[in-house]
Amino acid sequence: MRRVTTLTPPWVGELIGALGPDSVLTDPDVTAAYARDQAMLAEAGMPAAVVLPRSTAEVSAVMQVASRHGVPVVPRGAGSGLVGAANAVDGCITLVTTRMDAVLEVAPADRLAVVQPGVVNKTLRDAVRAHGLFYPPDPASYDWCTLGGNLAVNSGGLCCVKYGVTTDYVLGLEVVLADGRVLRTGRRTVKGVAGYDLARLFVGSEGTLGVITEATVALRPAPAAPVTLVASFPTSAQTGQVVESVVTSGLVPSMLEVMDRTCIRAVDDVMKADLDRDAAALVLAQSDSGGAAATAEIALLTRLCEEAGADFVHSTDDPAEGDLLMAARRMALPALERLGSVLLDDVAVPRSQVATFIDGCVAVAADAGLVIGVVGHAGDGNMHPTVVFDAADADQRTRAFAAFDAILELGLSLGGTVTGEHGVGTLKADWLEREIGPVSLSVHQAIKQALDPGGLLNPGKMFRRAHVGDLAAVGGLSAQS
Ligand SMILES: Cc1cc2nc3c(=O)[nH]c(=O)nc-3n(C[C@H](O)[C@H](O)[C@H](O)COP(=O)(O)OP(=O)(O)OC[C@H]3O[C@@H](n4cnc5c(N)ncnc54)[C@H](O)[C@@H]3O)c2cc1C
């Protein structure tokens, strides 16, 4: 029998009564593991309890306990996020969905799947592939991040340049609201326009509006095995020229990624993959159009790379070689993390601005006197300049945060956004209003107020806590929020 210490909040007993003792964790040594996501420098508190519900009814019970007692709730999937969006606040309930991990249905005749939120992205991809189908959104963390997290952040990935992002595949959602009511919204049909598009309202809401407990997602026919191209360039900005010429040529590759020399060398140090360590940048591209169409697309891509100044271009339809190149791309962030602490930007710019943006990042690195590795989904303009530094060195830390901000500023000045796919979280909460403006911010706040008047869901994410004060002016929040 579990021992509840005198420090345990009184509502923990109610959670144990509703979920059972195995689903409610309060040992600080255990709950600490759920305090933060992968954004190591984002602020985080300590949860008072971590709950692992198995069903929608149990999620609803948690929200009812939380709203009765005014306890904040932080929804959490795998904790692979990069902006502190799943970070605990002191005294909260962290609600982890990983036990709700069933693919409930794959319906080939309707080209859709129904999943619980804790399903890992790769698990869904594998499950639908058995039916000749394809679930496209593919964050580089696809083998451990969950669909709930993907939906809550509106994740992108490597194949977005051709297939779009998570929201493009959402048909319907089941969401437990702040007061425990269960909302079902959306549809199973190809078309459907009845009422507001509430399903998409919850996509990208970072756990601030409700807990997603089920999703109906659209699927596509499985594409052909990809043909992969790699090209190296004497300057990193030339890769931006490739992006521009790809767009203007009308070509739509299924992937168009870029890595600069810092990333190439970091990856090669880890993988010993015989990458071209002297290249200033590599472009990795794929066509999954199959047969003659893929051959023609890769031939055009080869020409465009050469015209942009590539000094080496190679393509392969060997799946093993293609997988190795893809693994190298996916290794970029973990490899940079071996060099020091990292601050990872996630700026998306209009594709015509990619070259200017890369040049700007080089200038920011020189100003800061720090290494900035540039890697990203160049084909859709979503770049991840990554500031590498020694977090124990106060001066470097200050310069690193200044460089991180300078890159956000640069992105906005080019008509871009401060986040293309990772979300706002705590790391960029100061930047939301700068990007969307006061009118849009007040609309956001009104929606938050309508759905979560107690301010219980994921406080401090997206909006600064100071902005919660503004919320009170909109409609009145409880003091504890
Ligand atoms: C090496 C690496 C590579 C990555 N590459 C990419 C990439 O290419 N593209 C990309 O977009 N991201 C990428 N990410 C970031 C991250 O994997 C994604 O944001 C992912 O969608 C997070 O899923 P998760 O299950 O880990 O969610 P978490 O990190 O646990 O949570 C993320 C957010 O979702 C909310 N949330 C989680 N579940 C629910 C739910 N059921 N209901 C409501 N809210 C919920 C949380 O409160 C939080 O706000 C990468 C991360 C790593 C570590």
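**Domains and their contact**

The centres of domain 1 and domain 2, taken over C-alpha atoms, are separated by 22 Å. Both belong to a domain assignment that also holds domain 3 (227–413) and domain 4 (434–475), with domain 1 covering 11–96 and domain 2 covering 103–221; such bounds come from an automatic or database domain assignment. The structure is a predicted model, in which local features need pLDDT of at least 70 and side-chain atom pairs count only at pLDDT 80 or more, while totals for chains, interfaces and linings use all residues. Residues are numbered from 1 along each chain as its sequence is written.

Between domain 1 and domain 2, 14 residues of the former are in contact with 21 residues of the latter, a contact meaning that the C-beta atoms of two residues, placed from the backbone, lie within 7 Å. On the side of domain 1 that touches domain 2, helix H3 (56–69) and strand E3 (73–76) are the elements that give two or more residues, and H3 gives the most, with 6 residues. By character, the residues on this side of domain 1 are 7 nonpolar and 7 polar, with no charged ones; here Ala, Val, Leu, Ile, Met, Phe, Trp, Tyr, Cys and Pro count as nonpolar, Asp, Glu, Lys and Arg as charged, and the others, Gly among them, as polar.

Turning to the protein as a whole, there are 16 helices and 19 strands, which are DSSP runs (H or I, at least four residues, for helices; E, at least two, for strands) numbered from the N terminus. Its C-alpha atoms fill a box of roughly 65 × 60 × 45 Å along the principal axes. Of contacts between residues at least 6 apart in sequence, 71% join residues at least 24 apart.
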